[in-house]
Amino acid sequence: MQDTDEWFRSLYIKCDFKLVLSSGMSFIVPLLKEVEPHVSSLISCFSAITSEIFSSTAFRQLSQMFFAIFFFHSSEYLLAAFFHGKNSVTLESLLISKNYVLAMVGSLIEYLVEVYFFPEMKEHWVTSNTGLALVVVGEIMRKLAIITAGRSFTHLIKRYHEEDHILVTNGVYKYIRHPSYCGFLIWSVGTQIMLCNPLCTLGFAVVVWRFFQLRIKYEEFFLRQSFGSDYVEYARQTFSGIPFVK
């Protein structure tokens, strides 16, 4: 009798499980049929974007962009370590801030959207190569500024005069007071022209220009305090390096 009860109990559980499974499938199957077209569309969209990214045009432009970013920041860190010693250099010498990362991510998003919807926009090779040339020019100018200034160059504004801080007026500084800022402006805008990103080209130009306009005004206040009339005379004879900033 006990075996019979266990058999009926087992049969009941199996029937109940089948009922639950049947109810679940009756809900899931229509749902899958409804979702399937959307999943197929997403897969098709992803495949199209992937094919655009790995096209010869996009691959070349993105490769140039990533290499430009890597070289710029790694060389900044290495030069800072060379002139100021490894122990005096922090990760801040890589010049990577939250706003900078957001700007670069924004430029990448613009590129991916445009290369998918308007791939012909990225085929303007004269424009793209002009941007690449600006990246190279900006990089050279900034690194010349750092090497020429040596220990007098720092990534942070010096508010107090130090013994190794001298007024550098030779080399590229003979004509431009802030060649490193000029170089960065050219470099940053050049990266967006290289990608044929119209929105970020304008955005980078405005934001970077505004940043250096305020920074130069702030920095030169302390430079006049440190070097007095020598700096006033030097500033009178040279270009700031940023258009429309005296």
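Let me start with the second largest pocket. Its lining consists of Ala-80, His-84, Ser-88, Val-89, Thr-90, Glu-92, Ser-93, Thr-154, His-155, Leu-156, Ile-157 and Lys-158. The volume of this second largest pocket is about 250 Å³. By class, its lining holds 4 nonpolar, 6 polar and 2 charged residues. Please keep in mind throughout that this is a predicted model.

Now the chain as a whole. The protein chain contains 7 helices and 0 strands. Written as a pattern along the sequence, that is α-α-α-α-α-α-α. The chain has 246 residues, and 35% of them are buried.

Next, the largest pocket. How much space lies in it? The figure is about 1200 Å³. The lining of the largest pocket takes in 42 residues. Those nearest the centre are His-155, Tyr-181, Phe-211, Phe-212 and Arg-215. Several helices give two or more residues to this lining: helix 3, residues 98-117; helix 4, residues 125-149; helix 5, residues 179-194; helix 6, residues 198-227; and helix 7, residues 229-237. Which of these elements gives the largest share? That is helix 6, with 11 residues. As for the character of the lining of the largest pocket, 26 residues are nonpolar, 10 are polar and 6 are charged.

You may have noticed a name coming back. His-155 is among the residues nearest the centre of the largest pocket, and His-155 also belongs to the lining of the second largest pocket. His-155 turns up once more in the lining of the largest cavity, so let me go there.

A search of the whole structure for cavities of 30 Å³ or more finds 1. The space in the largest cavity is about 50 Å³. Around it sit Glu-76, Leu-79, Ala-80, Phe-83, His-84, Ile-146, Gly-150, Phe-153 and His-155. Helix 2, residues 56-84, gives the most to this lining, with 5 residues. Sorted by class, the lining of the largest cavity has 5 nonpolar residues, 3 polar and 1 charged. Ala-80 and His-84 are listed here, and both are listed for the second largest pocket.

From the inside to the surface. There is a nonpolar surface patch of about 630 Å², made by Ile-96, Val-101, Val-105, Ile-109, Val-113, Phe-117 and Phe-118. Take Ile-109 from that group. Ile-109 lies in helix 3. Why does Ile-109 count as partly exposed? Because its relative accessibility is 48%, and partly exposed covers the range between under 20%, which is buried, and over 50%, which is exposed.

Last, two backbone points. Cys-196 is not a glycine, yet its phi is positive, about 55 degrees. Cys-196 is found in the loop between helix 5 and helix 6. Is Cys-196 buried or exposed? Cys-196 is buried, because its relative accessible area is 7%, and buried means under 20%.

The other one is Phe-244, again not a glycine, with a positive phi of about 70 degrees. Phe-244 is placed in the segment after helix 7. With a relative accessible area of 80%, Phe-244 is exposed. So we have a positive phi at a buried residue, Cys-196, and a positive phi at an exposed residue, Phe-244.

That is what I have for today.

How values were computed: Residues numbered from 1 in each chain as written. Predicted model: local features only at pLDDT ≥ 70, side-chain atom pairs only at ≥ 80, totals over all residues. Heavy atoms only, no water. 1 Å grid on protein atoms, 1.4 Å probe; cavity = no way out; pocket = protein on both sides within 12 Å on 5 of 7 lines; lining within 4 Å. Points joined across faces, edges and corners; volume = space filled by probe spheres on them. Helix = DSSP H or I, 4+ residues; strand = E, 2+ residues; numbered from the N terminus. Nonpolar A, V, L, I, M, F, W, Y, C, P; charged D, E, K, R; others polar. Patch = residues over 30% accessible without salt bridge, like charges linked within 9 Å, V, L, I, M, F, W, Y side chains within 5 Å. Areas by Shrake-Rupley, 256 points an atom, 1.4 Å probe, with all protein chains shown as cover. Salt bridge = Lys/Arg side-chain N within 4 Å of Asp/Glu carboxyl O. Buried < 20%, exposed > 50% of the residue type's maximum accessible area, 1.4 Å probe, protein only.
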